[in-house]
Amino acid sequence: MMNRKLKKIMIGTAIASAVFTSTMTPTFANTVTHRVGTGDTLWIISQKYQVSLEEIYQLNPQYRNNSAINVGDVVNVPAKQQQTTYTVQQNDTPWIISNKFKISLKDFLKANGLKEGQHIYPGQKVLIPAASNSAMTYTVQNNDTPWIISNKFKVNLNDFLQINGLREGQHIYPGQTVTIPTSSGVTPPASNTTPPNSSSSPSKSYVTHTVKNGDNLWDLSIQYGIPFKELQDVNGLRDNHVLRLGDRLTIPVYHIPVKSTPGPQYGELLDWWTEAQYVIPIGKVFIVEDFYTGRKWTMKRTIGANHADVEPLTARDAAIMKEVWGGNYSWNRRPVIVEVDGRRLAASASAMPHDVQYINNNNFQGHSDLYFSNSTRHVDGKRDDAHQKNVLIAAGR
């Protein structure tokens with residue numbers, strides 16, 4: 001028979017062990033998923049979400065023994081108690097969600113460790129940060145621009161851009177929620193306030209750029225999102241012109257209003273020459289959605305004048321393209337929706353890599369073509385009827 005004292009010790013040990021196990025394996029009231037991006041490590045992810053590495057390991061034991069994480073992996077992360085979670089729905093984007101919950105896009109991206117333009121996926125859980133008490137929000141009206149809003153609220157333009165994570169010249173859109181620094185002390189104007197010189201058509205204003213060390217016309221055209229030739233023509237410059245420190249260049253800034261569509265599944269019908277090329281300038285990263293299957297991948301406009309020459313951002317994006325076109329890269333045209341800066345644009349795409357390439361290591365040897373309304377071919381400047389038919393399909397026309 002077991003000694004009574006020994007039995008008591010063993011029972012006590014078992015209880016202590018159970019308590020220890022319980023405290024070492026806590027349950028989390030809320031968790032979110034983080035899709036691993038380029039450069040991510042578990043430590044970086046823990047810092048983004050302000051949690052400990054131990055908490056990451058507890059939710060993801062497969063990584064405890066220093067197993068590598070790869071781009072595209074999903075890591076579970078404990079959610080802060082003061083934040084709520086939301087399950088991403090079909091067609092949700094960070095912009096749509098931030099507006100749905102009346103929070104700034106910058107706060108939403110920061111809370112979820114996302115970069116501008118990064119994918120989110122149906123079924124994914126994301127954090128909805130508590131609304132900031134240090135600033136008020138404003139719903140963008142038709143024809144609003146950052147400059148108009150900053151003047152409307154009597155705040156500094158740079159302060160407005162910074163708090164909303166915007167770059168100079170970046171578009172904002174009717175219905176978008178933006179943050180107004182409360183230092184203005186101004187009551188928001190009525191929602192029917194009409195900005196001066198409002199118009200439903202594209203408009204153009206100008207800013208001045210003072211040339212600094214290292215500037216060149218090509219880089220400036222990309223920085224400001226305008227065609228190189230247009231920058232030359234506006235300033236009366238020739239190809240061999242040499243910029244000098246202190247030169248003042250006139251920079252056109254285009255304001256492209258949002259157009260209505262027949263339904264949420266369709267895209268805006270934008271003219272390439274007067275509208276679309278300014279919404280997706282060279283260097284712009286955006287999402288392409290196949291109109292028929294709903295499959296999405298990320299692309300970047302790297303060059304192109306008569307239409308957009310684009311490249312898949314990663315090898316995974318190239319693989320999705322290939323699957324959409326039936327397993328082979330192809331010249332066949334397909335109607336697509338371009339998701340950029342919270343907008344959905346009607347377009348047509350082919351998937352055959354050709355000619356120059358700017359993005360390496362994406363398993364796509366060259367670039368492919370993306371057409372908008374009235375885009376033309378580079379080889380002869382003529383209309384491509386198949387592409388234009390697809391653009392109209394994507395626009396619901």
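In this predicted model, the largest nonpolar core has 38 residues. Those that touch the most other members are L249, I280, F286, W297, V338, L370 and F372. Apart from this core lies another, of 14 residues, which includes V32, I45, V51 and I69. As a general remark, nonpolar side chains tend to be buried together in soluble globular proteins.

Let us take L249 as an example. Which residues does L249 contact, once its neighbours within four places in sequence are left aside? They are V207, T208, H209, V211, L217, L220, N235, L237 and L243.

I turn now to helix α10, which spans residues 272-279. Six of its eight residues are buried, so the helix is largely enclosed by the rest of the structure. The buried ones are W272, E275, A276, Q277, Y278 and V279. What covers them? The cover includes helix α9 (228-234) and the strands β8 (248-255), β10 (296-303), β11 (308-312), β12 (334-340) and β13 (343-349). At the N-terminal end of α10, D271 acts as a cap, with a side-chain oxygen 3.0 Å from the backbone nitrogen of W273.

My last topic is D92, in the loop between β3 (84-87) and α4 (94-100). Is D92 buried or exposed? Its relative accessible area is 8%, and because buried means under 20%, D92 counts as buried. Its side chain makes a polar contact of 2.7 Å with the side chain of Y86. In addition, a polar atom of the D92 side chain lies 2.8 Å from the backbone nitrogen of Q89. Not counting residues up to four places away in sequence, D92 touches Y86, I97, K100 and I120. Y86 is thus both a touching residue and a polar partner of D92.

Note on methods
Residues numbered from 1 in each chain as written. Predicted model: local features only at pLDDT ≥ 70, side-chain atom pairs only at ≥ 80, totals over all residues. Heavy atoms only, no water. Helix = DSSP H or I, 4+ residues; strand = E, 2+ residues; numbered from the N terminus. Buried < 20%, exposed > 50% of the residue type's maximum accessible area, 1.4 Å probe, protein only. Polar contact = N/O pair within 3.5 Å; in protein donor to acceptor, adjacent residues only side chain to side chain. Contact = heavy atoms within 4.5 Å. Core = buried A, V, L, I, M, F, W, Y, C linked by side-chain atoms within 4.5 Å.
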